[in-house]
Amino acid sequence: MLSDLLYSLKETEFFFNLFGYISFRSGLSLVTSFFIVIILMPHWIRFQKSIFPSGQPIRNDGPDTHYRKKGTPTLGGVLILFSIILSSILWTSNFSSFNYILILTLTLFGLIGLVDDYRKVKLGKGISSKTKFLSQLLATLIIYFTIKYNGFDLNKFSIPFLKDVSIELGYLYFVLILLIVVGSTNATNLTDGLDGLVSMPLIFVFLTFAIFAYVLGNINFSDYLLVNYMKGSGEIVIFCTAAIGSLLGFLWFNSSPASIFMGDTGSQSLGASLAVTSILLKQEIVLAVAGGLFAIETISVMLQVTYFKITKGKRLFLMAPLHHHYEKKGISEQKIVIRFWILSFLFCLLALSLLKIR
């Protein structure tokens, strides 16, 4: 798009040669998405308050401190998605199929989240779990066939610790993709429960995949680190930095006390796009490691439900997901958020170490 147009002018002025470098365009992508959110978000908040004055509904069984959040606008994810899509289109080179598959993922799951968010603010109740899962299944099917149509290998599951070692899965790979996409989507959604909690871990994980994409898309770095070179995968960096920029801009308004929430529009679509990023890069295990915080939050809910059923009414945690358990114990929201950010950062450092474990 714009980057290709500017790069075509390189013969007239040396400066335009910079648009041929992923590192330069990734910086532009981050800055563009950041300022789109920073400039438009105050207007978006005021608009939401005018048409949805009731804002985000608050659970009656939640921590008492959450009642002060009542009325907070909840469609911040709409602007996050807009900034990522626009920035990615502007700075992606040569109509990269990698990024347009990610934009498709963001759009499909964003629409599911938007319907859920709209029903919550309008009717006080989102779509049912069954409807949500069927919608996610349909979206995953569309993404699966789009990836197949674009010639990507969806038969072999790569082992990140060993070069050129993979497991042939055939059509079972779709089952794996469904588990990864739906699991990541809902895990991110569950983590989005406190002011600013999910934004920074998402930034860390997107940064992790930006590094992986850059290495895998560079023949020299991939050869040095003994990872499989993937031609064109470096363009995923543009999408990841667009996501980082938009999340930084969103965190400007979502930090405690939050002026706006991400909602399912943001959390579901961002979780799904991370999953598809890992699939396109053949680094699914990296997602499990880098997204360790999301996994812990999900496991805490699963343990709570299982324990509740087995014991016929007893609770393993004071409340699930895990961040609410610590709230119930009296730990301040800000302290929980910062500690969870630290855990997420450590998980991402561990994921990056997989680049050298060969």
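Helices are taken here as DSSP runs of at least four residues, numbered from the N terminus. In this predicted model, helix α4 covers residues 97–123, and its 27 residues, at 1.5 Å a residue, should span 39 Å; the end C-alpha atoms lie 38 Å apart, which agrees with that expectation. Just after α4, Gly-124 adopts a positive phi of about 85°.

The largest nonpolar core comprises 98 residues, and those with the most contacts inside it are Met-41, Leu-202, Phe-206, Leu-270 and Leu-280. In soluble globular proteins, nonpolar side chains tend to be buried together. Among these core residues, Leu-270 touches Ile-80, Ile-84, Leu-106, Leu-202, Phe-206, Leu-247 and Met-262, when residues up to four places away in sequence are not counted.

Val-215 is placed in helix α7, which runs over residues 199–216. With a relative accessible area of 7%, Val-215 is buried, because that value falls under the 20% cut-off. With residues up to four places away in sequence again left out, Val-215 is in contact with Phe-221, Ser-222, Leu-225, Val-227 and Leu-355. Leu-197, by contrast, is 18 residues from Val-215 in sequence and 29 Å from Val-215 in space, C-alpha to C-alpha.

At the surface, Val-31, Phe-35, Ile-39, Leu-40, Phe-82 and Leu-86 make a nonpolar patch of about 510 Å². Helices α2 (22–51) and α3 (76–91) each supply at least two residues of this patch, and the largest share, 4 residues, comes from α2. Leu-40, which is found in helix α2, has a relative accessibility of 34% and therefore counts as partly exposed, between the limits of 20% and 50%.

Definitions and conventions: Residues numbered from 1 in each chain as written. Predicted model: local features only at pLDDT ≥ 70, side-chain atom pairs only at ≥ 80, totals over all residues. Heavy atoms only, no water. Expected span 1.5 Å × (residues − 1). Buried < 20%, exposed > 50% of the residue type's maximum accessible area, 1.4 Å probe, protein only. Contact = heavy atoms within 4.5 Å. Core = buried A, V, L, I, M, F, W, Y, C linked by side-chain atoms within 4.5 Å. Patch = residues over 30% accessible without salt bridge, like charges linked within 9 Å, V, L, I, M, F, W, Y side chains within 5 Å. Areas by Shrake-Rupley, 256 points an atom, 1.4 Å probe, with all protein chains shown as cover. Salt bridge = Lys/Arg side-chain N within 4 Å of Asp/Glu carboxyl O.
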